[in-house]
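Let's walk through this structure together, starting with the whole chain and then moving from one sheet to the next. Keep the view open beside the text and turn it as you read.

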Amino acid sequence: MEDKTEVQAQMLFNRLQKRFRHLKKWARRRKIGAFRLYDRDIPEIPLVLDFYGDCSRTGEAALAGALYKRPYEKDKSEEEAWLSVMTQSASSALGIKPCSIFLKYRQRQRGLNQYEKTGETRYVKIVSEGDLIFKVNLSDYLDTGLFPDRRLLRRMVLRETEGKKVLNLFSYTGSFSVYAAAGGAASVDSVDLSNTYLNWAKDNFSLNGFSAEFPVISHKGAQARNCDLMSCSYMLIRADAAEFIRNAINKRKSWDIIILDPPAFSNSKKMAGNFDLKRDLAGFLEKCIKTLAPGGKLFLSLNTRGFSPGNFNCNNVRVTNLDKEIIDEDFLGKKTPQGFLLTKLL
């Protein structure tokens, strides 16, 4: 067993060096500080690893990722020993200190929000993505706050938002919202149920020279824009996305651009129920379409397979598959989220 692990460690070492040589010049040229380095390239080594550089150019690089659930049971102590050897191999291959490599366990857990906190280490970095920068936390969550596989979809949003009213549902840490602001959006409403992620989004806006604010609560308890603030174009709204859309329909509100990148499953005491992507997507999309202005566009990112235009009934919508347009260099040949553009016809 020890010999087998050592062989795998050498295989990982060789693969990481080869991939990093291939990607580092591309990443530097595109000013990309976070990119996918390894994703189960070798079946016997079921890891996903993302590289994180540092905007300051003086800080150290880091690695964050996870061990996918194996198709068989493995003793916990044996697995931890294996992970330790793989961590040392990655450290040697890339010149990254072991203390700057963060590996977690990735597996589907029904009933849990995918953004559950896992620690309190707070290993935070600022990474670049083109002309924008974002805060990532490599240690305390399964996901770090910036999904590299949505990079080209974010750039697509940027090109469409000039002068538009934008709504970002399940906004997470606000990367799509920041791109919309950078694209010249007239307004951006970012909706998420987590104060933690909304505050994280506020930091990301600030890092890029934008000021985002929470709505002022009126004396009747309703949320309202504070129009005395110069920053009222970029709002951070704490709400259940499904409830927010229902209220928007009742109030006849509309947006020119909607961004929808939902989790596979979301459950919180703050929600009336829960959100299950496979169960609820079709009905939720139909409601979102009602809040799109004529000619408006909905960018849909799905970290699941099986969606097709026939999954929901909206006769006045044109659906375009974006999958081939949103696969960047570091994801060639990899499994990536689906991407769709839904355009509301005039």
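What you are looking at is a predicted model, so please read everything below in that light. A good way in is the pairing of strand β2, residues 47-52, with strand β3, residues 62-68: the two run antiparallel and are joined by 6 bridges. If you would like a landmark in this pairing, find L47, which stands opposite L67 in β3. Strands of a sheet pair through backbone hydrogen bonds, in either a parallel or an antiparallel way.

Now widen the view around that pair. β2 and β3 belong to an open sheet of 4 strands, ordered β1-β2-β3-β4, with mixed pairing. At its edges lie β1 (34-39) and β4 (101-106), each of which pairs on one side only. On average, neighbouring strands here are turned by 20° against each other, leaving direction aside. Helix α2, residues 76-94, packs on this sheet and touches β1, β2, β3 and β4, and its direction makes about 140° with that of β4.

Before going further along the chain, it helps to step back for some overall numbers. The chain holds 7 helices and 17 strands. Of its 346 residues, 51% are buried. Its accessible surface comes to about 17100 Å², and carbon and sulfur atoms account for 49% of that area. Contacts that reach along the sequence are worth a look too: among those between residues at least 6 apart, 64% join residues at least 24 apart.

Next, please turn to another sheet. This one is open, has 7 strands in the order β11-β8-β7-β12-β15-β17-β16, and is again mixed in its pairing. β11 (234-238) and β16 (317-321) are the edge strands, each pairing on one side only. Neighbouring strands of this sheet are turned by 15° against each other on average, direction ignored.

Let's cross this sheet starting from the β16 edge. β16 pairs with strand β17, residues 338-344, in the antiparallel sense over 5 bridges, and in this pairing R318 has T343 of β17 as its bridge partner. One step further in, β17 also pairs with β15: 6 bridges join these two strands, which run antiparallel. Here L298 stands opposite L342 in β17. On the other side of β15, its pairing with β12 is parallel and is made through 5 bridges, with I257 and K297 of β15 as bridge partners.

How enclosed is strand β15, residues 292-302? Of its 11 residues, 8 are buried, so this strand is largely enclosed by the rest of the structure.

Two helices that pack on the 7-strand sheet deserve a stop. Where does α6 pack? This helix, residues 241-250, touches β7 (165-169), β8, β11 and β12 (255-260), and its direction makes about 145° with that of β7. Helix α5, residues 195-207, also packs on the sheet; it touches β8 (187-192) and β11, and its direction makes about 170° with that of β11.

α6 has a helical partner as well. Its axis and that of helix α7, residues 277-290, come within 9 Å and cross at roughly 35°, and the crossing is left-handed. From α6, the contact draws on A241, A242, I245, R246 and I249, while α7 contributes F284, K287, C288 and K290. These contact residues divide into 6 nonpolar, no polar and 3 charged.

Our last stop is the pair α3 and α4. The axes of helix α3, residues 151-160, and helix α4, residues 175-182, come within 7 Å and cross at roughly 35°, and this crossing is right-handed. L153, R154, R155, V157 and L158 of α3 meet S175, F176, Y179, A180 and A182 of α4. By type, the residues of this contact are 7 nonpolar, 1 polar and 2 charged.

Is α4 mostly buried or exposed? With 7 of its 8 residues buried, α4 is largely enclosed by the rest of the structure. The buried residues are S175, F176, S177, V178, Y179, A180 and A181. As you leave the helix, look for G184, which follows α4 and has a positive phi, near 90°.

Note on methods: Residues are numbered from 1 along each chain as its sequence is written. This is a predicted model: local features need pLDDT of at least 70, side-chain atom pairs count only at pLDDT 80 or more; totals for chains, interfaces and linings use all residues. Side-chain values use heavy atoms; hydrogens and water are left out. Two strands pair if DSSP finds at least two bridges between them. Axes are lines fitted to C-alpha atoms, for helices over the stretch in contact, and angles run from 0 to 180 degrees between N-to-C directions. Contact means heavy atoms within 4.5 Å. Buried means under 20% relative accessible area, exposed over 50%, partly exposed in between (1.4 Å probe, protein chains only). Accessible areas come from the Shrake-Rupley method with a 1.4 Å probe; for residues, only the protein chains shown count as cover. A crossing is left-handed if the near helix is turned anticlockwise from the far one by less than a right angle, and right-handed if clockwise. Ala, Val, Leu, Ile, Met, Phe, Trp, Tyr, Cys and Pro count as nonpolar, Asp, Glu, Lys and Arg as charged, and the others, Gly among them, as polar.
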